[in-house]
Structure formats: C-alpha cells, structure tokens
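Got the viewer open? Take a short walk through the model, one selection at a time.

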Protein chains: 2
Amino acid sequence: MAVRNLRLTLGYDGSEYFGWQIQPNVPTIQGTLVDVLRRITGERIWLLGSSRTDAGVHALGQVANFKTRSPIPTENLGRALNNLLPPSIRVLAVEEAPLEFHARWHAQAKTYRYRILRAAVCSPFLWRTVYHYPYPLDDEVMAAAAPLLEGEHDFSSFGTWDPEEAGQSKVRTVYSSRLERLPELQELVYTVRGRAFLRHMVRKMVGTLIEVGKGRLEPDDIQRILEARDRSQSGPTVPPEGLCLVAVEYPAEISGVAVPAQRDADSV
Amino acid sequence: MAVRNLRLTLGYDGSEYFGWQIQPNVPTIQGTLVDVLRRITGERIWLLGSSRTDAGVHALGQVANFKTRSPIPTENLGRALNNLLPPSIRVLAVEEAPLEFHARWHAQAKTYRYRILRAAVCSPFLWRTVYHYPYPLDDEVMAAAAPLLEGEHDFSSFGTWDPEEAGQSKVRTVYSSRLERLPELQELVYTVRGRAFLRHMVRKMVGTLIEVGKGRLEPDDIQRILEARDRSQSGPTVPPEGLCLVAVEYPAEISGVAVPAQRDADSV
C-alpha cells in the first residue's frame, strides 16, 4: 500500500491535558491521539500539529497530519477515532493531503480566541473555557487598544522563555487583533489572526489589554512596549482556560482543501 | 443570635458528582455544600434541596435551604461559599427566607430542560451537558407528541423503582411539555414544567418521545402508555447528562422572594 498523508482537523477541551505535545506519564492531546492512531493502523505514527498548544488551552480548528500505509477510508478513520478517543478530543475532519503537506510549516495563518467572562459569578458550565474576570475594566479603551497590536513587529516583549525559539527572530505579523464586547453573554472576546505566534504571546497580549482596561497602561503604551523588546514591560500572562485555537489556514495548493472564501475577507 | 432560614439558589455541573443526595465516600452536591457551610458557620448544617437530582444531572436553578445562627450577611456568605466551593458548583443567590420555608415541601412548580444534540460529532465542550443522538429522528412528530404528556395523570408508566415513592400516589400534574427545535445549534430542547416528578420521569418522557421520533411509537401511543400504568410500556431512560433543573417556583407568601411575573404566563 502506498504512503498517504492524512490531515486531521481537531477540537479539544484542553482543561484536563498537559498541552498538545507528547510527554511521558501525563495525558497530552498529541499522546492520546498517537495512541489511538497506533491502535487503529497498527503502525508507528508521527503526528505533526500546527501549534503546540499549552496545558489548558483549547482548540476548535487545530490541524495535524501523519503518514500511513493503512488503506482505511478517511470517513471510517474519523468514526473509529471518535469512537476510541475520550469525548474531550474530537476529530472534526479527516482529509487526504498532498504527501509534502506539513501542518506546522505550511500554516499560513492561525486564529486564536480568548474569552473573558465579566459576570459576577462564573457559570458552572463555563469555568473550563473562559477566564473569569469580574473586576472593573474599561472595555471601550481595551477595544480601542487591541488593533494597535496589528502589523509586523518584533514581539519580544510579548514572548516568554522557550528553548525552541532561542536565537530565532521574534518578528511576527499580526493580521488582525480585535476585542468584541458581547453584553448579552457578559463576555469580552479577543480574536487575533496572525502568521505565527511566540509562546504565550496571545495570553500576554490579552494580559496587556487588561492592564489597559484597568487604567494601569494607556493605549499609547502599546507602541512603547513593542519597542522595548523586554518581557518585563508587557502585562501578565492570562490563564490558559480562556484561550482557543479556532482556525489554521493553508495555501490552497498545498492543503488539498479549499480555503473558505470568507477567511480571505478579513486578511490584511 | 436568633435562628435564620437561608435560601440558596444553586447551579451545578453534575457530571462529576453522584447526584444531589449526600452519600458516604463519594462526591455529591449536597455533601460538598454541607462541608463548606460547616466550615463557614462552624455549625452542624441540615441542607434541604428541592429535588434530589440524580448522578450526572445538572442544575441552574436548584433551591435549597438551611437554618443557622451565624450572623454572616447573605452577600458575604455567597462570596465565601463560591470561594470555597469547586467551580462546578456555584451559589447564584443567598436570601433570607421565612423560618417555615422548606425548599422541598413548598415547591409549587419545577422546570427541567433536556438537551439532545443532533450534530454528527459532539463538540468537546458539550459532552457533559447534552445527550448526543446523531441518528435519524422525525422531530416534527416528536414536537407534536410532547404536549400529549401535559395534564394530571397517573405517571406510573414513566416511573422507576424508588423506595421513597413506594406506596405513594403516582399522580402528577405536568403544566407544560414542549419540544423546541433549534436548527442553528443542531439541538432539540425539551422543556417540562410540573408540580413534581417521579424519579426518572423526565428522562423516561424524553426516551418515549425519541421512540416516537424513530417511528417505533405513534403520538397516539402516549395516551395508551399513560393508561397502562406499567413501566415496561414507556421508552428507555435517556442518559442523565442532557438533563438540567432550570427553575423551582414557590408561592410568594412563603418564599420571601417575589415570583417573577413571566412565570405565571405559562402556567395552566
């Protein structure tokens, strides 16, 4: 049987996992998927994810790929995976991809969403998936500050120590950075779309916007923080439970999957 | 300090609890609340719930009451409880009630909601709170059959073995029984409001409506099943995760809390 390259679109509730990346003796998303893929295919599987989401971070559009000689039809594989995986990890799509497709290297844009719950009491059904922050915030000034993080910048001030990023450029391009106010849900939802992100970058961007909302920083400070290239200048890293990787985009010619038209509309 | 009777309105995700009722060596909602109330008041606490929700069943409007000599203001008690309780149990309100108020005996009506998710794949964020049923169903005939369960009937056919109900009347009054179709959420939502319910009654009513949706029963069979007074005649008991106790109503004169006007609109 010829080698196939299969692309998975994944959703997961990360609250009970130690992040995406496989590690010994703790449950991880990658480790759980690899175990189940090995059981189904009988092969040793290398599963490549587009993003190494941190412990507690969720996904609704994570993309991963792996090579296999198994002849199993994609639809049956999706069904078998969802039957064997825990309900906190769901395979949303299985597709044939070109042999050279690589979920990480070919990713063109990623969209993350961060949910801040403003209600006085956090619903017992939401605590795994929102950051509950019931204290005063000026959400209007936060919404005005969010787009100031757009563009190509050296994001060193929004990075953290990560051996995989050591010695590499910290320049990243953020296509859009917006904060929406959803009063009916008592939520603030921050959505950021960019080429790629440093480790903890989205959570430090949100932490910085919260400092703006508290009045401890002005929107004008954003430019100063970017220019400082100093991690101590940005706001704190907000907790992982509010963060969700909602979409990963690939060039149509490599993904084997048509890119939805509306995704292009909000690109810069 | 004089004795006070305090009324709690509670929300909980029941998926990790062995139901409301306190039991040795397993986590229960009542047991968790009593432990925390004892820590706060330093007293032995008897907590009375309006409903003994089963293992896995949720609540957004469970009501409970307890007596205390503690002088703690209601607002501080609510904050202290939410600080000490796990995030899966939330105190939504703490109110002073008349000394004779009893959460169970004075309940005038209860509203339960049951969510059936029709999507092919269950979101990793929903599996604790919906019944995932992706198989064919005629939801139009189910919606037509749901109101046939309204009225005062002997609901023996929708009961289960329960020592607390032994020898007692199985006549209950259902004020409203409706199935809503929410295509945008890919959900069927069954809402039932009644004076009181037998154990497993709501889940057997939903199981029976699903049999109607599958074409195994006709809407006309509902009357026949009620008249049979035989548990083997109704549909199966659907799983607990879809069920939520959303509201409990009390007569204004005993509850110490005004009954919202819109609740009267849908009463029979």
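Begin with chain A and colour it by domain: the domain assignment gives domain 1 as 4-105 and domain 2 as 109-245. Keep in mind along the way that this is a predicted model. Put a centroid on each domain, using C-alpha atoms, and the centres of domain 1 and domain 2 of chain A come out 27 Å apart.

Now look at where those two domains touch. In chain A, 14 residues of domain 1 are in contact with 8 residues of domain 2. Colour the domain 1 side of that contact by residue class and you get 8 polar, 4 nonpolar and 2 charged residues.

Next, bring chain B into view alongside chain A. What rotation superposes chain B on chain A? Turning by 180°, with 0.0 Å of shift along the axis, does it, at an RMSD of 0.0 Å. That is the relation of a two-fold axis. To find the axis from chain B, select Phe125(B): its C-alpha is the nearest one in that chain, 4.6 Å from the axis.

Stay with the two chains and select the residues where they meet. On chain B there are 16, in contact with 16 residues of chain A. Which elements of chain B give two or more residues to this side? They are β1 and β4 (89-97) of chain B. The largest share, 3 residues, comes from β4(B). Switch to colouring by class, and the chain B side shows 9 nonpolar, 5 polar and 2 charged residues. Of the interface residues of chain B, 100% are also interface residues in chain A, so the copies meet through the same surface.

Last stop: hide chain A and select β3(B), residues 58-68. There are three pairings to follow from here.

- **To β1(B):** select residues 4-12 of chain B; this strand runs antiparallel to β3(B), joined to it by 8 bridges. For a landmark, find Thr9(B), which stands opposite Val63(B) in β3(B).
- **To β2(B):** select residues 48-49 of chain B, where β2(B) pairs with β3(B) over 2 bridges, again in the antiparallel sense. Here Gly49(B) stands opposite Ala64(B) of β3(B).
- **To β10(B):** select residues 243-249 of chain B, a strand that runs parallel to β3(B), with 2 bridges between them. Zoom in on His58(B), and opposite this residue you'll see Cys244(B) in β10(B).

Before you close the session, show side chains on β3(B). In a regular strand, side chains alternate between the two faces of the sheet.

Definitions and conventions. Residues numbered from 1 in each chain as written. Chains lettered and ligands numbered in written order. Predicted model: local features only at pLDDT ≥ 70, side-chain atom pairs only at ≥ 80, totals over all residues. Pairing = 2+ DSSP bridges. Helix = DSSP H or I, 4+ residues; strand = E, 2+ residues; numbered from the N terminus. Least-squares fit on C-alpha atoms with pLDDT ≥ 70 in both. Contact = placed C-beta atoms within 7 Å. Nonpolar A, V, L, I, M, F, W, Y, C, P; charged D, E, K, R; others polar. Domains from an automatic or database assignment.
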